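Colleague: Could you take me closely through one part of this model, the packing of a pair of helices and the charged side chains around it?

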Amino acid sequence: AAFSFNKGYQNFDTKECTFRNIAELYGKRVQLIADVSYRPDPEIPSRLISDIVYAGLHLGPLKIPLPLRATGWLEFVYLDSELRVTRGNRGGLFVHIRPPFSPEERQALDDRLSRRSLELDPAGYFIISADVNRQEIKASHYPNTINEKGLACDPETGEVIGCTDSAPIPVSRVFRGRTAKEIAVRVLEEAEPCPVTKFEHAAYLGREFQRAEQCLTAGMEYVQD
């Protein structure tokens with residue numbers, strides 16, 4: 001019997017070398033699932049050798065395993081950041097379009113990236129604030145050194161700088177701007193010497209300055225990430 005699919009999805013996990021095929025039969029309540037492990041074809045670079053390792057019919061919380069196991073291949077005909085066209089060993093042609101991010105997915109991505117490991121800038125760190133009354137962004141720069149464990153330390157005492165219980169360190173410079181662009185220019189282009197020595201630190205400051213400006217415009221409290 002033939003099924004009429006409402007939507008189809010294919011989600012790749014490149015770390016685990018697996019992908020999941022999802023076909024919706026009656027919306028999200030009824031889904032046909034096939035989990036596939038893959039490995040590169042040593043002779044054809046555009047082709048993946050694939051093995052179905054799980055198949056099932058999902059009816060809401062009820063999951064019914066299906067006795068479907070097979071080995072085949074999937075060949076990439078076209079691929080860019082938004083579109084993927086593949087051909088299977090049984091002759092099927094599949095076109096997948098990247099769906100737009102939902103607000104929840106976008107926030108989850110940012111939350112995950114915020115927890116990534118970073119090397120601290122040996123030139124120091126910034127405390128950023130936004131004054132709604134003065135419509136001004138303020139960035140106070142504090143010096144630090146980095147110890148052998150990669151932790152920020154007080155340059156005078158060598159003690160690790162904590163988030164809440166450390167003794168205050170004298171500010172070295174204060175920058176102010178009415179917009180994100182103005183304060184970014186003052187910190188990254190006009191200051192001599194530049195208080196930022198890592199690209200990722202500069203990128204972080206740009207994001208935070210933009211967030212601070214958005215809070216000023218909306219009349220909201222800004223909290224540094």
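Modeller: Contact here means heavy atoms within 4.5 Å, and helices are DSSP runs of H or I of at least four residues, numbered from the N terminus. This is a predicted model, in which local features need pLDDT of at least 70, side-chain atom pairs count only at pLDDT 80 or more, and totals for chains, interfaces and linings use all residues. Residues are numbered from 1 along each chain as its sequence is written, and side-chain values use heavy atoms, with hydrogens and water left out.

Helix 2 (residues 180-190) packs on helix 3 (residues 199-218) at an angle of about 150°, the axes lying 9 Å apart, where axes are lines fitted to C-alpha atoms over the stretch in contact and angles run from 0 to 180 degrees between N-to-C directions. The two helices are therefore roughly antiparallel, a term for angles over 145 degrees. From helix 2, Ala180, Lys181, Ile183, Ala184, Val187 and Leu188 meet Ala202, Leu205, Phe209, Gln210 and Glu213 of helix 3.

Within helix 3, Glu208 forms a salt bridge with Arg211, the closest N and O atoms being 2.7 Å apart; a salt bridge is a side-chain nitrogen of Lys or Arg within 4 Å of a carboxyl oxygen of Asp or Glu. Glu208 and Arg211 are three residues apart, and so separated by about one helical turn. Glu208 is buried at 2% relative accessible area, whereas Arg211 is partly exposed at 33%, and Glu190 in helix 2 is exposed at 54% (buried is under 20%, exposed over 50%, partly exposed in between, with a 1.4 Å probe and protein chains only). The C-alpha atoms of Glu190 and Glu208 are separated by 19 Å.

Terms used: Angles under 35 degrees count as roughly parallel, over 145 as roughly antiparallel, 65 to 115 as roughly perpendicular and the rest as oblique.
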